Amino acid sequence: MEKQQKNKKIKSNKLEHKLINETTQETPSISENRKKYLKKVKIRKISIFVTQISILIIFIVAWELLARYGILDSFITSQPSRILNTFLNLSNNDLLNHLRITLIETLTGFSLGTILGVVIAIILWWSPFISKVSEPFLVVLNSLPKIALGPVIIIWVGAGMPAIIVMALAISLIVTILDILNGLINTDKEKIKMAETFNANKLQILTKIVIPANISTLFNTLKVNIGLSLVGVISGEFLVSKGGLGYLIVYGGQVFKLDLVMTSVIILGIVAALMYEVIEILRKIFVK
Amino acid sequence: MEANTQLQKKSSTKNKDAEKNKNISKALENNKSNFPDVVLDVKNICKTYQSKNGEIEALKNIKFNVKKGEYISIIGPSGCGKSTLLSIIAGLEDKTSGEVIVNGKIGYMLQKDNLLEWRTIYKNVLLGLEIQKANTDENKKYALELLKKYGLYEFKDKYPMQLSGGMRQRVALIRTLAIRPKILLLDEAFSALDAQTRLMVTEDIYKILKEENITALMVTHDISEAISMSDRIVVLSQRPSTVKNIYTIDFEIQNRSPLICRENPKFSEYFNIIWKELEKYGKAAEKQKNQK
């Protein structure tokens, strides 16, 4: 018995040491080994970045040269210099206007999808009954390829921007609902019980525990949603529309203006990456 | 909270149930025991669960009381419904029949500290007050005082991630104390901690409770922990649980603390008695033996 107690005391001393180490970690004394390690990490990071850039440059240069010397048919594959040219003459091609249309549609679809999705997910969390009732419908809707609804949507809301926004909404909404609901339901039950011990009502549990606990779920969903909204908008523009990058791609393809198609695709890629980055920055601000 | 207080006197078995608050002082004079007034009175609690497979009788005629300033432990084989009993007392769960009379506000401590990682320590401490819409300047000041008193003031703007397990549990206690409870319910409050931290934290929290003069009712499966902290231990049987025995733990020392009690020769005596009693109820005792 006494021995055990002694052991425990020794161990608890060790524990205190551990704690002290943990708290002093903020200002570490830099040893030689540490320096070496940090250098190694840095070099690795740089070499990855350099390799990535090189691959990109080699790809572009090879494409350009192969097209210039006639090994690739630039009529079919286009050519970096011609893409750059199209890009620089944005205003001539009305590209800027098309970009604007696509952006408006995407952001509208994205915001609507997110807001509606979150609201519906909260309603389903609030009422397990409604949640159980709607479960099979949501599952079917989720696995249904939403593009199949395209013609129906056009007939219901008319060809044009509204149809495209509804398309983006259709593609992103169900996923948002399911992802957010899943997060809400899986909130730590113990934390909810803790709030209940203070006699919290359901609204307080929602606002003080469940929603803050799911901020990172929300941002993950937003990231998925940006991609999905773009898919919805572009496929909507394929179907209807007289403007937008999706329209440009279809049009360019039909009249064999591959420069236009490639430029549109690249701009689309840049737009998607920028939107993703914005959400990532927001996430870093809101999630600690 | 129920407004009326009930006093149960040990001296007179004839019940004087429906005494009102104003009569407390009178009762104090009449009753010469150390803990004159009853803070919590549990009367014939029964709990039956309904499920698809049938009924499960979890609690049967549970009755005991907790007097002011006492530290009571409830111990019993695992799955006997100890935690359910606490939830019923706190009003988190419905009871099938019986009555719980509480005189004063209840505080509740769970196994995990459940600090919200997106709030600072200070904001975490204010959570209970916020929920009860009592975050007045006065109460906020009181919460800050508690943080100061128990050595957490300098961490008030830190996040829970930056604190050790023991400190986090102390923050959880202060969060509960901030609502100024009369009685604290502890539901296996230390079992998420590793063995060494656990000893330190029980010592720590016991002292805080005594300092703040708070009555405590603890559920545990750890016999040593129960003996080292309690004035009385309520032993429950297997399902359907009934109160098998209530042991009075008296080390005959002033200013006892869990660690001091563990070194007392009477400790192992108590341990053996309660262990043997629990052993009769099967598995839970077996687990304890392995721990020893």
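At what angle do the axes of helix α11 and helix α13 of chain A cross? Keep that in mind while you load things up, and remember that this is a predicted model.

**Stop 1: the helix pair in chain A**

Select residues 215-239 of chain A for α11 and residues 258-286 for α13. Their axes come within 10 Å and cross at roughly 170 degrees. Angles over 145 degrees count as roughly antiparallel, and α11(A) and α13(A) therefore earn that description.

Now show side chains where the two helices meet. From α11(A), pick A:Ile215, A:Phe219, A:Leu222, A:Lys223, A:Ile226, A:Gly227 and A:Leu230. Facing them in α13(A) are A:Ala272, A:Met275, A:Tyr276, A:Ile279, A:Arg283 and A:Phe286. Colour this contact by class and you get 10 nonpolar, 1 polar and 2 charged residues.

**Stop 2: the rest of chain A**

Zoom out to the whole chain in cartoon. Chain A has 13 helices and 0 strands, so don't go hunting for a sheet here. Of its 288 residues, 30% count as buried. Take the contacts between residues at least 6 apart in sequence: 72% of them join residues at least 24 apart.

**Stop 3: where A touches B**

Turn on chain B and select the contact between the chains, with 19 residues from chain A and 19 residues from chain B. On the chain A side, the elements that give two or more residues are α1 (2-24), α9 (189-197) and α10 (202-213). Click α9(A) before the others, as a top contributor: it gives the most to this side, with 7 residues. By class, the chain A side has 7 nonpolar, 4 polar and 8 charged residues.

**Stop 4: a three-stranded sheet in chain B**

Hide chain A for a moment. In chain B, look for an open sheet of 3 strands in the order β2-β1-β4, with antiparallel pairing. β2 (54-67) and β4 (97-102) stand at the edges with a single partner strand each, so one side of each has no neighbour in the sheet. Neighbouring strands are turned by 20 degrees against each other on average, direction ignored.

Next, select β1 (residues 38-51) of chain B, which is joined to β4(B) by 5 bridges. For one of the partnerships, label B:Cys46 and its bridge partner in β4(B), B:Ser97. Then add helix α2 (residues 82-90) of chain B, which packs on the sheet and touches β1, β2 and β4. The direction of α2(B) makes about 115 degrees with that of β1(B).

**Stop 5: a covered strand**

Move to β5 (residues 106-109) of chain B. Which residues cover its two faces? B:Ile106 and B:Tyr108 lie on one side, B:Gly107 and B:Met109 on the other, and all are buried. That fits the usual pattern, in which side chains of a regular strand alternate between the two faces of the sheet.

Bring in β6 (residues 183-187) of chain B: 4 bridges join β5(B) to β6(B), and the two run parallel. Label B:Gly107 and you'll find B:Leu184 as its bridge partner in β6(B).

**Stop 6: the nonpolar core**

Last, show both chains again and pull up the largest nonpolar core, which has 125 residues. The members that touch the most others are B:Leu40, B:Met109, B:Val171, B:Ile174, B:Ile183, B:Leu185 and B:Ala216. Helix α8 (residues 161-185) of chain A gives the most to this core, with 16 residues.

Finish by centring on B:Leu40. Leaving aside residues up to four places away in sequence, B:Leu40 touches B:Asn65, B:Val66, B:Ile89, B:Val102, B:Ile183 and B:Leu217.

Definitions and conventions:
Residues numbered from 1 in each chain as written. Chains lettered and ligands numbered in written order. Predicted model: local features only at pLDDT ≥ 70, side-chain atom pairs only at ≥ 80, totals over all residues. Pairing = 2+ DSSP bridges. Axes fitted to C-alpha atoms, helices over the stretch in contact; angles between N-to-C directions. Contact = placed C-beta atoms within 7 Å. Nonpolar A, V, L, I, M, F, W, Y, C, P; charged D, E, K, R; others polar. Core = buried A, V, L, I, M, F, W, Y, C linked by C-beta atoms within 7 Å. Buried ≥ 20, exposed ≤ 12 C-beta atoms within 10 Å, placed from the backbone. Parallel < 35°, antiparallel > 145°, perpendicular 65-115°, else oblique.
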